[in-house]
Amino acid sequence: MDWLKGVFTSRFVGGNTPFLYASLLISSMVFSALASSQINEAALLKKVFSVYQSERAVKRVKAWRTLVDEQQSSSEQQKLAEVNAFFNQLHFVDDIKLWGKVDYWATPVEFLGVAGGDCEDFSIAKYFTLTELGVAEEKLRLVYVKALSLNQFHMVVAYYPEPAAMPLILDNLDADIKPANQRKDLAPVYSFNGKNLWLMKEKGRGQLAGKASRLKSWNELRGGLKNNRMNLPLVSFD
């Protein structure tokens, strides 16, 4: 499996190209916005309690901020381990059950505030936290994969210690950080980070990206990040 460039089959691309290009365009902008966000911790914690009415929610967000403070001088290997373990404590739940929507991109604070989310939420929170800890974006990618055992699409974080190295995979399905070649249960589809996209060349790429069918999701998330959005879920884990 080529984790550096992603894998496409002609059959998969033919049926999913509009979705893929839309997702890639949105994702690139999402992480640019996350990377530039500023956090006022006192105001953040106050709003978390006001919205979720939960001391546990406040403690989770505060623990996240403490993690970021305490791990600044750690090795990158330790940062990976701490961040992966921290977020993997949260509940995995489908968007439709948690938010009443087929696809909802929770901000990291919403993910912590409600104590659960789907694979995208786990990966977004890990990616954002690692970049805040000083891990270069060039070493990180969000990878859409096919989880073969579940027969569904899934997202993980890939860490490249060197540009051509076999990446390490941070995942909520398998708590152990492993090299990608040991994850035989995952088939990569495409990858991206805040700066670049990795996608097999296809005709009509620019046109398809311009007609992104999921721009609404990006606009909603962009507004949510700007306004420090904290929506209430349909179910509570506290």
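Lys and Arg count as positive and Asp and Glu as negative, and a patch is made of residues with over 30% relative accessible area and no salt bridge, like charges being joined within 9 Å. The exercises below apply to a predicted model.

**Exercise 1. Identify which residues gather in a patch of negative charge on the surface, and place D69 in its helix and by its exposure.**

Solution. Begin with the membership: the patch of negative charge on the surface is formed by E41, D69, E70 and E82. Next, locate D69, which belongs to helix α3, the run of residues 55-70. Finally, turn to its accessibility: D69 has a relative accessible area of 55%, and because exposed means over 50%, D69 is classed as exposed.

**Exercise 2. Describe the salt bridge between D238 and R60, and state where in the chain its two partners lie.**

Solution. Start from the contact itself, in which the closest N and O atoms of D238 and R60 are 2.8 Å apart. D238 lies in the segment after α9 (215-226) while R60 sits in helix α3, so the salt bridge ties together parts that are 178 residues apart in sequence. Then compare each partner with the classes of burial: D238, at a relative accessible area of 38%, is partly exposed, whereas R60, at 14% relative accessibility, counts as buried. As a last step, look for shared partners, through which salt bridges join R56, R60 and D238 into one network.

**Exercise 3. Work out which parts of the chain are linked by the salt bridge of R65 and E132, and whether R65 is buried or exposed.**

Solution. The closest N and O atoms of R65 and E132 are 2.4 Å apart in this salt bridge. The pair links distant parts of the chain, since R65 is in helix α3 and E132 in helix α7 (residues 119-132), 67 residues apart. R65 has a relative accessibility of 6% and because buried means under 20%, R65 counts as buried; E132, at 26%, counts as partly exposed.

**Exercise 4. Locate the salt bridge of R183 and D171 among the loops, and determine the burial of each partner.**

Solution. The side chains of R183 and D171 meet in a salt bridge with an N to O distance of 2.9 Å. R183 lies in the loop between β6 (178-179) and β7 (186-192), and D171 in the loop between β5 (168-170) and β6, so the pair ties together parts that are 12 residues apart in sequence. R183 is buried, with a relative accessible area of 1%, and D171 is likewise buried, with a relative accessible area of 1%.

Methods
Residues are numbered from 1 along each chain as its sequence is written. This is a predicted model: local features need pLDDT of at least 70, side-chain atom pairs count only at pLDDT 80 or more; totals for chains, interfaces and linings use all residues. Side-chain values use heavy atoms; hydrogens and water are left out. Patches are made of residues with over 30% relative accessible area and no salt bridge: like charges are joined within 9 Å, nonpolar side chains (Val, Leu, Ile, Met, Phe, Trp, Tyr) within 5 Å. Accessible areas come from the Shrake-Rupley method with a 1.4 Å probe; for residues, only the protein chains shown count as cover. A salt bridge is a side-chain nitrogen of Lys or Arg within 4 Å of a carboxyl oxygen of Asp or Glu. The place of a charge is taken as NZ of Lys, CZ of Arg, CG of Asp or CD of Glu. Helices (H or I, at least four residues) and strands (E, at least two) are DSSP runs, numbered from the N terminus. Buried means under 20% relative accessible area, exposed over 50%, partly exposed in between (1.4 Å probe, protein chains only).
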